Amino acid sequence: RPRVEPSLRLKGGDAEIVSGRNGRLLDREAGEQVLVRALTSFSREPVVLPLKVDQTRVTAKDLAGAEVKVETALSAPVDLVYGPGGWHLTRAKIARLLELPSGGSTEIQLAGPAAGRFFANLRKRVNQAPKDAGFAIGARNVVRVVPAEAGRVLDGEATTRNLMAALLSTSSRRAELEVASLAPERTTRDANAMGITGLVGAYQTFYGGVPNRIHNVQLVAHLIDDHYIAPGAEFSFNDTTGDRNESQGFLEAPVIINGELENGLGGGVCQVSTTTFNAAYEAGLSLTERTNHALYISHYPQGRDATVNYP
């Protein structure tokens, strides 16, 4: 018979201690000896198996302190403060967030499914990814630095400590939500030091076609957007975008295969690679490798298209 540890429960909004019960365990080693002796004797009288008492780890008395803490925690609402606003926790809300002692524990905690959902909501409301410094092209193609922005993330441990302190206080029912700062990878100083001051080259094409093709064009354009090439470094369209497959979200659309239009995964990508190639061409960059389509496309200058096929 398993032991049952004493525990706390809420009944009508009040904490109540539930008594435990010692368990009972068979002393197997001693029991084997009893059985062997009985089997090897001429007597067939019933034998008594030796049992051991499995004592509970805590007693009801050990939970007295936790009982007082629960009563204090539920004595009044608590405000979790964040900047000018925050969250008002009613007694009913606090009761759902508390995990009461059971299974040999003597402490109350902010834990369990309801507490997990509560802190997940806090993270959703508070967390914000940092933004790297970037660049924007303005009038006369002058480039300005777009300042970086620090991010923030909920400090769950510190917030839990503050909230628990407020719950166990009879006077100060107010807790500060703690937030840690997240630094961007490229700071404003880093961006200024990169020496990007003006437009090097540009090219534009206009796209359309079936919805899948439009989707692919937009998707691959985002994959190469904001890509920076250091002095002396080489840019590869394929390396930058990676394998353009279904797992990346690419769809089937018309592609040129052996001089014919057929449906294939990622149709429309070559318009973006061609536009990128022409921007590099207009900038006078050194071109390592470029492959034309198997079919002449009239809306690009002759010899100025660039097809790609991963890898």
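Lys11 has Asp14 as its bridge partner in strand 2. In this predicted model, that pair belongs to an antiparallel arrangement in which strand 1 (residues 7-11) and strand 2 (residues 14-18) are joined by five bridges. Two residues lie between the strands of this hairpin, and Gly12 adopts a positive phi near 65° there.

A nonpolar patch on the surface comes next. Leu26, Leu35, Leu39, Val47, Leu49 and Leu51 make up this patch, which covers about 560 Å². Two of its members may be placed in the secondary structure. Leu35 is part of helix 1 (residues 28-39), whereas Leu49 is found in the loop between helix 1 and strand 4 (51-54). The relative accessible area of Leu35 is 42%, so this residue is classed as partly exposed. Leu49 is likewise partly exposed, because its relative accessibility is 41%. Both values satisfy the requirement of over 30% relative accessible area for residues that form a patch. Leu49 also serves as a reference point for a distance along the model: its C-alpha atom is separated by 90 Å from that of Ala279, a residue 230 positions away along the chain.

The surface also carries a patch of negative charge, in which Asp155, Glu157, Glu176 and Glu178 gather. Of these residues, Glu178 is located in the loop that lies between strand 12 (174-176) and strand 13 (179-182). Its relative accessibility is 31%, and Glu178 therefore counts as partly exposed. That value, too, meets the patch criterion of over 30%.

Methods
Residues numbered from 1 in each chain as written. Predicted model: local features only at pLDDT ≥ 70, side-chain atom pairs only at ≥ 80, totals over all residues. Heavy atoms only, no water. Patch = residues over 30% accessible without salt bridge, like charges linked within 9 Å, V, L, I, M, F, W, Y side chains within 5 Å. Areas by Shrake-Rupley, 256 points an atom, 1.4 Å probe, with all protein chains shown as cover. Salt bridge = Lys/Arg side-chain N within 4 Å of Asp/Glu carboxyl O. Helix = DSSP H or I, 4+ residues; strand = E, 2+ residues; numbered from the N terminus. Buried < 20%, exposed > 50% of the residue type's maximum accessible area, 1.4 Å probe, protein only. Lys, Arg positive; Asp, Glu negative; His and termini not counted. Charge placed at Lys NZ, Arg CZ, Asp CG, Glu CD. Pairing = 2+ DSSP bridges.
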